[in-house]
Amino acid sequence: MKAIYARVSTEESAQKGYSIAHQIEEAKQKAKTDDVMIYKDEGFSGEFLERPGLERLRNDIRNGVIDTVIVYDPDRLARNLMHQLLLDDEFRKYNVELLFVNGEYANTPEGKLFFSMRGAISEFEKAKIRERTMAGRKRKAQQGKVVKNDRIYGYDYDKQTGQLKINESEAEIVRFIFDSFTQERFKGINGIALHLTERKIPTKTGKTVWHRQVVRQILMNETYMGKRPQNKWNTEGRLANKYRTENKVPIRLRQKEEWIYVDVPAIISEEQFRQAQMLLEQSRRRYTKAAKRQYLLSGLLRCAQCGNTMTGRYAKNWGKYFREYTDIKNTAGAKHRGCGMVVRADEIEHEVWTYLLDLFNHPERIQEFQPVADVENSYEKKELERLEKEIDRARKGRKRLLSLVTMSDDDELDLEEVKEEIRHLQQREKELIEQYSQLEQQLRAIQEDKPTGYILQEAIDFFLNHKKELDFEIKQTLIRKVVKEIRVIDKENIEIHLF
């Protein structure tokens, strides 16, 4: 069976008039028949052998389907001389004849020499095109023009003038990112990314999911202070990466003296950019005070036996250390020491996450989680009563301490210690009042018959948007969106209460 192979890259189609249809038509005349198998690669560079059409042809040759291959020209088969010779040798091993429309290349020393010369010329032309392209880009940069549209967030690219123009709606978000980071409004870069995602702010590509790395890249981009660096990266050989599965060529940073800076409209001040860079360098030290061990269900567990909340700790058991949750309170002045309930953190976290994962992956189950009609006996009502008592205790404790300070002589008390305890009680009262307010809103939503399914659907949407990047913080955010509380009955049984 005769086969025709045709290839064209986008550039060649536009510049040289090569077209798949023209190559096939010429090759059919060479074959003197329309009964042929056609293999084609459109938009693929001839520098690489990893092309779908060529791979199918080689596979069919190995299977004995093809006896003759007709190609319009050697450089349609491959640009690289070594690749041309490799394919020619491979075809001959399977007794397949390789013919070209533009000239006969017999299996003779003269023919091989001519074949090699044609391949060398094609390779030389490709190198010259690359050289001219790079020189042209460098010349444009030296003239103060932006070489290409890198789709920088905050800017639009004017192709006619080769300049960047500020996109005001995006620039507002850029300023927000720098302000938030330098003023530490959120917990690091990830906190900013999660906030932008929750607000459904579109990225440059129109997506509403912001990855922390995207925020980091914005914070590190000098362009925003009015200086666009060009000729910064050496990308030679990287075009082939999309065809390679291994040994990919990495992008390489040029020496800084080779960079060419172009003036562009500034979105932020140079001072703020420098401040952001300083904070980025210090970020590892700034967040080293965070807990070494993470607890996914922090703030959600409560012992069903004694009512104490359960907190995470790292404890030794039978000679080994484990993360676990316990209701034991060792702090001075704790009213309830706890009944000693302890559960392994990895086991209960796995159970809760598996349960929620099943729910997120089966949205149709939302209907199972409609609000309880009996409001008076609902979880929210009981929790409000408990919080009222806790708030009252905190207030009374603070008042007793204030009375004690007023009635005692300075030398009878450690005033700093008392003041610290008063501040602690004030903070505790504030936190309890916030919890109370949130629960009141949830209870009103139930009374107004607002479906719990709405909250779950929001969480499911959030899960689907972050499905490929489920790190600890995103998992914890998802759990806190839908879980009110997890009651630990014993080491084997838990109750998961959803909003």
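Start with the whole chain coloured by secondary structure: the protein chain has 15 helices and 16 strands. Here helices (H or I, at least four residues) and strands (E, at least two) are DSSP runs, numbered from the N terminus. This is a predicted model, in which local features need pLDDT of at least 70 and side-chain atom pairs count only at pLDDT 80 or more, while totals for chains, interfaces and linings use all residues. Residues are numbered from 1 along each chain as its sequence is written, and side-chain values use heavy atoms, with hydrogens and water left out.

Next, show the surface. The protein chain exposes about 29,800 Å², an area from the Shrake-Rupley method with a 1.4 Å probe; carbon and sulfur atoms supply 48% of it. Of the 499 residues, 40% count as buried, meaning under 20% relative accessible area (1.4 Å probe, protein chains only).

**Stop one: a helix with a buried face**

Select residues 212-220, which make up helix H9. Which residues are buried here? They are Val215, Ile218 and Leu219. Look down the axis of H9: the buried residues fall within an arc of 100°, so they line one face of the helix. That arc is taken from the directions running from the helix axis to the C-beta atoms.

**Stop two: a hairpin**

Now select residues 311-317 (strand S12) and 320-326 (strand S13), an antiparallel pair with seven bridges. Two strands count as paired if DSSP finds at least two bridges between them. Strands of a sheet pair through backbone hydrogen bonds, either parallel or antiparallel. Click on Asn317 and find its bridge partner in S13, Lys320. Two residues lie between the strands of this hairpin, and Trp318 in the turn has a positive phi of about 55°.

**Stop three: a sheet and its helices**

Three strands form an open sheet with mixed pairing, in the order S11-S15-S16. At the edges are S11 (301-303) and S16 (494-498), each pairing on one side only. On average, neighbouring strands of this sheet are turned by 25° against each other, direction ignored.

Select S15 (residues 483-488): S11 pairs with S15 in the parallel sense over three bridges. Arg302 has Arg487 as its bridge partner in S15.

Add helix H11 (residues 345-360), which packs on the sheet and touches S11, S15 and S16. Its direction makes about 45° with that of S16. Finally, add helix H15 (residues 472-482), which packs on the sheet, touching S15 and S16, with its direction at about 90° to that of S15. Contact means heavy atoms within 4.5 Å; axes are lines fitted to C-alpha atoms, for helices over the stretch in contact, and angles run from 0 to 180 degrees between N-to-C directions.

Definitions and conventions:
Buried means under 20% relative accessible area, exposed over 50%, partly exposed in between (1.4 Å probe, protein chains only).
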